[in-house]
Amino acid sequence: IWNYYVSSYDFRHLRCVAFPSEDWEIADSTVQFWATLANYILGLDGDSAKSRDVFLSIFSALLDALLLRAQVDESTVSDDSGFIDLPDNLVQFRTNLVELLVDICHLLGSAVFLQKLPFGGWTSANSSIPWKEIETKSFVLNVVAEVVIQEGQTPDFSAIMQLVTALSARSADELKGFICIVYRSLADVVGSYSKWLSAFLTNAGPLLLFLASGISEPVASNSCASALRKVCEDASTIVFDSSNLEILMWIGEGIERM
């Protein structure tokens, strides 16, 4: 019965999740189904819990579909205006995804889940980095932070720091449009994993520059300020090294002017 259910009904719902459209209404309409199913499977115990394995491939494929569908559309990415944000429908879709993503992380295990969120594999040249994918993966990684930390898994901080370094090297004139949303999402990741990141950091300069630049942008300001506070608390020895004094003074002056 389980195998028949998996091979028919679930795959129809997967096609709905991945269905391309101008908004996220079709994909959003399936979220409640998947959330209910995931919650039910997680609640199985005893011999019934063995049925979970039947669904692992389904939820793995679902995660792939959600990572694609939770991305911004081209019109948002190409907007060069000074202030933009995610479309309202996408914001609502992502809000509805939070519980489901956490349940998928529990079902697959955080180790497998993180393998679905590779941040590396790209060069440092800004033009070659798929920022839409990075922003979406950052959103997802932030959502499941509590599960990942509880299960003792470690995200690829080296790749994340490479992205932070690439962004910190951008000029103020380049901080506009969609890239500010990338700043916000990456800053959320930095804040959520600040304690683990502090053990990885050897040079806080690029991270401080990244957060300082983001604080000055309305879209990313709150996330960057929160991440900066957490990093200063969790990595105080490295952050307050004399080599970072000038950056910290610059940040302080910028905050005073806000």
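## A buried pair: Arg94 and Glu135

Arg94 and Glu135 are both buried, and in this predicted model they form a salt bridge whose closest N and O atoms sit 2.6 Å apart. Arg94 belongs to helix α6 and Glu135 to helix α8 (residues 131-143), so the contact ties together parts of the chain that are 41 residues apart in sequence.

The background here is simple: side chains of opposite charge can pair when their charged atoms come close.

## Bridging a loop and a helix: Asp85 and Arg184

Next up is Asp85, which makes a salt bridge with Arg184, with 2.8 Å between the closest N and O atoms. This one links distant parts of the chain, the two residues being 99 residues apart. Asp85 is in the loop between α5 (74-77) and α6 (88-108), while Arg184 is in helix α11 (residues 178-192).

How exposed or buried are the two partners? Asp85 is partly exposed, at 36% relative accessible area. Arg184 comes in at 17%, and because the cut-off for buried is under 20%, Arg184 counts as buried.

## Within one helix: Lys137 and Glu133

Helix α8 also holds a salt bridge of its own, between Lys137 and Glu133. Their closest N and O atoms are 4.0 Å apart. The two residues are 4 apart in the helix, which means about one helical turn separates them.

Here too the partners split: Lys137 is buried at 10% relative accessibility, whereas Glu133 is partly exposed at 32%.

## The overall count

How many salt bridges are there? The count comes to 5, and among them are Arg94 with Glu135, Asp85 with Arg184 and Lys137 with Glu133.

Definitions and conventions. Residues are numbered from 1 along each chain as its sequence is written. This is a predicted model: local features need pLDDT of at least 70, side-chain atom pairs count only at pLDDT 80 or more; totals for chains, interfaces and linings use all residues. Side-chain values use heavy atoms; hydrogens and water are left out. A salt bridge is a side-chain nitrogen of Lys or Arg within 4 Å of a carboxyl oxygen of Asp or Glu. Buried means under 20% relative accessible area, exposed over 50%, partly exposed in between (1.4 Å probe, protein chains only).
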